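Reader: I have a structure open and would like to talk through one helix and the surface. Could you take me through it?

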Amino acid sequence: MKVLAIMGGPRKGYGTIITEKIEAELISLQDLEFEYLYLKDVNLESCIGCHNCFFKGEDKCPFSNDARDEILNKIFQADGLIFTAPAYALHIPALMKNFFDRLSYIFHRPCFFGKIAIGMCNYGIAGAKKVTNYFNEVSDSWGINYIDSLKINTQPKPGIEKKISKKIKKTSKKFIKALNTQKPKKPSLADVIGFKVRKLLHNIAHDETNADVQYWSEQGWLDDDTKYYYEVRLGIVKRLIAGLINMMVKPQFKKIFADDPKLKYDQYQKLQSIKFGV
Ligand SMILES: Cc1cc2nc3c(=O)[nH]c(=O)nc-3n(C[C@H](O)[C@H](O)[C@H](O)COP(=O)(O)O)c2cc1C
């Protein structure tokens, strides 16, 4: 099994000290290959907001020759991920936000099913909850089964090492268990709604040149009998609520994309979707 720690801080600081402790704990529980990916050491250009990845495909990113694909390969090869970041200005550092920005098309085209993750935020006073909730949210959207969060306060206090070790032990056990069971995530109501609404959108706005539509078609997600990204039992209540929401949004989608959906997407990308009168 392979574990990749994605290090989101701009220095090798407390984040490293804590992640090394997590590594030691995991390895004490199971023989693992453990790799660190320091975002500060890779050449990942800042997203310029062209929207090409969304509409035309990730290969049309103006920076597709930087470290993005190397990073992606590392994620694809890992069975388990650890997202780590110090809290900066109540959230993740810009370095890590850019990493998520550059991979934003995966929110539209999730591709990491079968992987598990935990998130760790080291902090001084506040912001860790927001950071770890964000790791959870990103994981859910990317198809990763998010197992647990570690919020580690790094302020000097008596007995802090013991407290941190206890937290790490608990989360490491959960991580190893999930790594070995490989159980797909039980979809939440939000997951089911998200799938159904997007399926509806791509079926109505069916522009075959659109990267999302192409990907969803290739995966078989637009087929009538596909109920979710993967085979899993969906509760009747979740299906009913999601179905109801679909019925509510359908007329809106039909209205927006009544003409050529490609034209609508092109207009959006050219900043022609909002036109105030002169
Ligand atoms: C620029 C900057 C902004 C920070 N903002 C926050 C913050 O909003 N909330 C917080 O609890 N700690 C904040 N901290 C403290 C760090 O999160 C904390 O010291 C952390 O453990 C440092 O991690 P590192 O050693 O891995 O860089 C900030 C530190 C820096 C340098």
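Author: The following turns deal with a helix residue and then with two surface patches. This is a predicted model, in which local features need pLDDT of at least 70, side-chain atom pairs count only at pLDDT 80 or more, and totals for chains, interfaces and linings use all residues. Residues are numbered from 1 along each chain as its sequence is written, and side-chain values use heavy atoms, with hydrogens and water left out.

Reader: Where does Thr132 lie?

Author: Thr132 belongs to helix α6, residues 128–142. Helices are DSSP runs of H or I with at least four residues, numbered from the N terminus.

Reader: Is Thr132 buried or exposed?

Author: Thr132 is buried, because its relative accessible area is 0%. Buried means under 20%, exposed over 50% and partly exposed in between, with a 1.4 Å probe and protein chains only.

Reader: And what does Thr132 touch?

Author: Leaving aside residues up to four places away in sequence, Thr132 touches Gly119, Cys121, Tyr146, Ser149, Leu150 and Lys151. Contact means heavy atoms within 4.5 Å.

Reader: Turning to the surface, which residues make the nonpolar patch?

Author: Leu189, Ile236, Val237, Leu240 and Ile241 make a nonpolar surface patch of about 450 Å². Such patches join nonpolar side chains (Val, Leu, Ile, Met, Phe, Trp, Tyr) within 5 Å, from residues with over 30% relative accessible area and no salt bridge, that is, no side-chain nitrogen of Lys or Arg within 4 Å of a carboxyl oxygen of Asp or Glu. Areas come from the Shrake-Rupley method with a 1.4 Å probe.

Reader: Which helix gives the most to the nonpolar patch?

Author: Helix α10, residues 236–256, gives the most, with four residues. Leu189 lies in helix α8, residues 189–204, and counts as partly exposed because its relative accessibility is 31%.

Conventions
Helices (H or I, at least four residues) and strands (E, at least two) are DSSP runs, numbered from the N terminus. Patches are made of residues with over 30% relative accessible area and no salt bridge: like charges are joined within 9 Å, nonpolar side chains (Val, Leu, Ile, Met, Phe, Trp, Tyr) within 5 Å.
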